[in-house]
Amino acid sequence: MATALATPKHVTMTDLKGKVDPDWCPGCGDFGVLAAVQKALVELQIPGHNVVTISGIGCSSNFPGYINTYGMHTLHGRALAVATGVKLANHDLTVLVTGGDGDGFGIGGNHFLHCMRRNVDLLYIVMDNQIYGLTTGQTSPTSRVGMKTKSMPFGNIEAPVNPISLALAAGATFVARGFSGEQKHLTELIKQGIEHKGFSFLDVFSPCVTYNHDNTYQWFRPRVKKLEADPAYDPSDWVTAMEKSLLWGDEIPIGKFFGRTDVPTLHGAEPVLDSGPLVHQELRIAPEVTRSFVAELM
Amino acid sequence: MRQTFAIGIGGAAGQGVATPGDIFAKIFSRRGLHLSAYNAYQSIIRGGHTFLTIRTGPEKVSNMGDHLDLLIPLNQDSMNRHLGLLTARAACIYNSDSICPGESAPGVQLCPIPVSKLADITRNKVAQNTLALGSALNMMGIGFEALESVLTEQFKRKGEAVVSENVAIARSGYEYASGNFKPFAGALPMTENRYAVLSGNTAMAMGGAAAGVKFYCAYPMSPSTGVLHWMAAHGRKAGIMVRQVEDEIGVVNMAIGAAHAGVRSMCATSGGGFALMSEGLGLSAMMETPVVVIDCQRAGPSTGVPTKTEQGDLWQMLGAAFGDYPRVIAAPLDIGDCFKVIPEIFNVADRFQCPGIVLCDLLLSEGRLSVDPKDLDFAPVVDRGELITSATSNSNPDNDGGYKRYKITESGVSPRAVPGLPDHTHTAASDEHDEDGVLISDEFTNPTKRRAMMEKRMRKVVGIKAAIPAPKLEGPGDAEVTLIGWGSTKGVIEEACELLNEQGISANQLQIRWLVPLHGEAILEILKESRHTIIVENNYSGQFARYLRSETSFVPDGHIRKYDGEPFMPHHIVEAVKEQLSGKSNLSVPAHEILV
């Protein structure tokens with residue numbers, strides 16, 4: 001009928017509001033990320049039904065329930081694997097993956113690595129709060145050395161993962177860092193990440209106001225420096241991006257570290273998809289093809 | 001008794017055991033003969049000991065049988081291991097330059113071939129294999145042209161010179177046999193039939209293609225890797241996206257992602273990989289996203305014996321993932337059934353939006369069987385269930401403001417909308433959720449809702465059970481003994497029953513294909529009429545016996561089990577049945593006499 005073919009309606013913030021309000025703690029950095037994602041979709045005019053938001057488990061992984069897109073709230077650490085399947089089955093969909101640092105760099109580390117080298121065309125937003133929140137405050141893979149948590153009450157003795165360097169080394173084709181306290185800048189990065197053809201990695205400082213008393217808004221605010229503020233910064237230069245990724249301390253860069261568009265996406269490299277998304281392809285195989293399969297066995 | 005002819009070819013891995021095996025298989029199937037082949041090997045690329053058995057005959061051949069008619073040892077080790085298996089009228093063809101026969105039973109014909117006199121072994125490293133092929137076919141009474149045409153096909157890629165060299169060697173083996181060796185009594189007949197010869201892995205992959213699988217992914221693991229190989233080689237022609245993934249956790253989750261986006265999605269692994277997939281099966285069940293997982297069992301636990309067969313994963317399948325959820329588990333009965341079961345289980349999984357598990361094993365996965373090409377049906381019934389693929393379908397009759405992905409229904413099945421459709425957005429969650437997909441696991445927990453959702457999902461079991469057929473008894477109704485098996489043991493139990501009937505012990509068979517849900521009442525109905533019941537299975541603890549008891553309280557009179565890595569041979573079962581009927585024992589563990 002005509003409804004499906006009607007002129008696309010203008011996408012508004014209200015359209016993208018989820019069925020329930022977030023249950024995050026008041027002041028949680030994740031609110032800022034949710035708002036920035038909704039703003040980015042409105043600015044890009046992508047309707048919710050063309051988006052699948054996929055998460056693992058954790059505070060930030062409750063994200064899909066709070067936005068009116070198709071959502072998948074999957075297993076701890078497995079969002080990227082599920083998302084790869086979704087994208088390969090229907091590459092017309094915009095795929096967003098949302099989760100936390102424990103979900104992505106701890107239990108899901110293997111999928112993170114392989115999703116990057118495959119250049120799966122999706123945007124992966126990590127709400128990095130350097131702590132496990134939903135399990136009430138344990139050390140995470142990005143917790144600083146010395147940080148005291150319930151699981152390391154005498155201070156963390158393990159070096160943290162550097163997500164930006166890791167992503168650059170693993171071949172991610174879009175690598176950026178945002179800060180939940182910098183809404184406009186974050187929205188811009190999300191838009192770029194969605195529009196990028198390939199794997200976009202966006203690590204977002206999203207402070208946990210309940211369990212992380214080290215890396216607070218107040219701690220980040222004076223330290224974050226936008227890469228875009230330097231007109232000479234060239235995000236196509238991998239070596240400089242790697243150098244910048246190592247900065248941590250009084251100055252912590254945020255913004256687009258690196259981007260390249262000369263690497264084919266996974267779905268773009270697979271000839272099976274030349275005739276369109278798998279989900280729209282014929283179920284039956286042509287009889288002359290199946291006959292050739294049987295003939296091989298005779 | 002069926003007329004069959006069995007050949008054993010033994011050698012080290014890398015010595016070319018497979019090639020003569022393939023050539024025999026081609027020649028037999030093109031003569032309209034059935035065949036069954038099984039390769040006993042180890043986890044080694046070069047060396048070790050490989051022993052390929054091919055059994056052929058004009059009627060269906062379902063297992064390796066009890067006897068060898070011809071042994072071709074390609075090295076001394078194979079001669080030492082297997083010559084003792086031969087009985088009167090059997091023959092052994094070997095390279096007399098390098099292999100000495102040992103003691104053989106009376107009536108066994110030893111056929112030494114002076115390989116270096118008949119072929120230039122400096123040029124052709126597999127001359128002994130080709131000469132043996134030629135001699136063997138001569139002794140079987142098969143004309144040389146059959147071998148010539150297969151060799152020509154086999155070597156044509158390598159050019160005319162290689163073809164003619166190999167044909168010439170084969171011919172000298174053929175001619176040498178006429179002057180020096182005695183032909184086998186009762187030459188193999190020819191029929192007008194033509195068969196496809198395929199492994200269970202190829203059959204399951206092709207069955208997937210027939211079922212309309214569009215996404216296949218896997219991590220290599222013996223003995224399931226053959227499914228990946230077929231898919232990888234044929235996926236582009238068949239329109240199937242095939243991916244090799246970083247681990248089995250990634251495999252099952254990627255498969256679920258693709259399935260959720262609306263395509264039929266499949267993966268295969270073995271026990272260890274399946275263990276990693278376990279949590280993902282729960283995800284499939286909770287999100288109600290159908291996915292089909294094949295488990296090709298190998299001897300466990302842990303890495304176990306990667307190249308050996310077992311039916312030891314049943315309880316892993318029964319208990320895979322925590323919590324209660326509807327699942328469907330089928331065990332294919334033979335290699336032809338490996339093809340058929342895939343479209344069938346996809347229909348059940350799609351209709352009831354739950355995970356489907358195919359419980360195969362190495363015996364079927366890597367064994368090969370002749371199958372009538374008509375039985376490889378690429379247009380099977382496809383029932384995708386209540387799948388909403390267009391925003392205009394009238395599948396959302398609610399007036400109360402929108403689509404409910406997990407709508408509570410009598411059948412437990414809720415219409416499933418694929419992402420991309422306007423007006424059907426929802427979240428599919430691994431957490432417990434309400435009808436509209438909203439989580440009830442966190443701040444909104446509500447025992448009434450949780451109970452309702454649990455009951456909604458579990459109600460699907462009733463529908464699944466009605467959708468799968470109950471097992472049937474094969475053979476005389478009032479038999480003295482009823483042999484109960486599941487999955488891959490069908491053929492060998494069938495032959496054991498035939499042998500028992502010939503020996504005056506009437507036997508029938510109850511073979512289980514659909515394991516979960518189990519048609520317990522129908523099974524009890526059959527077994528209560530049985531005079532003596534024995535469960536035959538390829539594992540240590542009687543996994544099926546324990547499952548049957550847990551579902552029905554049924555306790556059989558006896559058990560025949562084997563857990564040495566090798567499959568049952570018919571006589572193992574026959575002898576065990578006799579032992580048990582005489583009251584000597586109620587648990588038999590036959591010893592495997594072929595040392596591989």
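The following exchange concerns the predicted two-chain model shown above.

Modeller: This is a predicted model, in which local features need pLDDT of at least 70, side-chain atom pairs count only at pLDDT 80 or more, and totals for chains, interfaces and linings use all residues. Residues are numbered from 1 along each chain as its sequence is written, while chains are lettered from A and ligands numbered from 1 in the order in which they are written.

Colleague: Which element gives the largest share of the side of chain A that touches chain B?

Modeller: Residues are in contact if their C-beta atoms, placed from the backbone, lie within 7 Å, and 50 residues of chain A are in contact with 58 residues of chain B. Helices (H or I, at least four residues) and strands (E, at least two) are DSSP runs, numbered from the N terminus. Elements giving two or more residues to this side of chain A are β2 (70-73), α2 (79-89), α4 (109-118) and α10 (287-295) of chain A. The largest share, 8 residues, comes from α2(A).

Colleague: How many residues of the side of chain A that touches chain B are nonpolar?

Modeller: Ala, Val, Leu, Ile, Met, Phe, Trp, Tyr, Cys and Pro count as nonpolar, Asp, Glu, Lys and Arg as charged, and the others, Gly among them, as polar. On this side of chain A there are 18 polar and 6 charged residues, and the number of nonpolar residues is 26.

Colleague: In β17(B), which residue is the bridge partner of A:G71?

Modeller: Two strands pair if DSSP finds at least two bridges between them. β2(A) and β17 (residues 427-429) of chain B are joined in the parallel sense over 3 bridges. The partner of A:G71 in β17(B) is B:T427.

Colleague: Which strands stand at the edges of the open sheet of chain B?

Modeller: The sheet has 6 strands in the order β18-β20-β19-β22-β23-β24 (chain B), with mixed pairing. Two of them, at residues 473-474 and 587-588, each have a single partner strand, so one side of each is left without a neighbour in the sheet; these are β18 and β24 of chain B.

Colleague: Which residue of β24(B) is the bridge partner of B:I560?

Modeller: Strand β23 (residues 558-561) of chain B runs parallel to β24(B), joined by 2 bridges. In β24(B), the partner of B:I560 is B:S588.

Colleague: Which helix gives the largest share of the largest nonpolar core?

Modeller: A residue is buried if 20 or more other C-beta atoms lie within 10 Å of its own, exposed if 12 or fewer, and partly exposed in between, with C-beta atoms placed from the backbone. A nonpolar core is a set of buried Ala, Val, Leu, Ile, Met, Phe, Trp, Tyr and Cys residues joined through C-beta atoms within 7 Å. Of the 242 residues in the largest one, A:V175, B:F215, B:A255, B:V358 and B:I573 touch the most other members. The largest share, 10 residues, comes from helix α12 (residues 335-352) of chain B.

Colleague: How far apart do the C-alpha centres of domain 2 and domain 4 of chain B lie?

Modeller: Domain bounds come from an automatic or database domain assignment, which gives chain B domain 1 (5-180), domain 2 (197-375), domain 3 (386-468) and domain 4 (473-588). Contacts link 22 residues of domain 2 of chain B with 20 residues of domain 4 of chain B. The C-alpha centres of these two domains lie apart by 26 Å.

Colleague: Is strand β8 of chain A largely enclosed or exposed?

Modeller: Strand β5 (residues 174-179) of chain A runs antiparallel to β8(A), joined by 4 bridges. Strand β7 (residues 224-226) of chain A pairs with β8(A) in the parallel sense over 3 bridges. Since 6 of the 8 residues of β8 (residues 252-259) of chain A are buried, the strand is, with respect to the rest of the structure, largely enclosed.

Colleague: Does B:Q353 count as buried or exposed?

Modeller: B:Q353 is found in the loop between α12 and β13 of chain B. Its phi is near 50°, a positive value in a residue other than glycine. Because B:Q353 has 25 C-beta neighbours inside 10 Å, it counts as buried.

Colleague: What is the omega of the cis peptide bond from B:V516 to B:P517?

Modeller: B:P517 lies in the loop between β21 (514-516) and α16 (520-527) of chain B. The peptide bond from B:V516 to B:P517 is cis, with omega near -5°.

Definitions and conventions: Contact = placed C-beta atoms within 7 Å.
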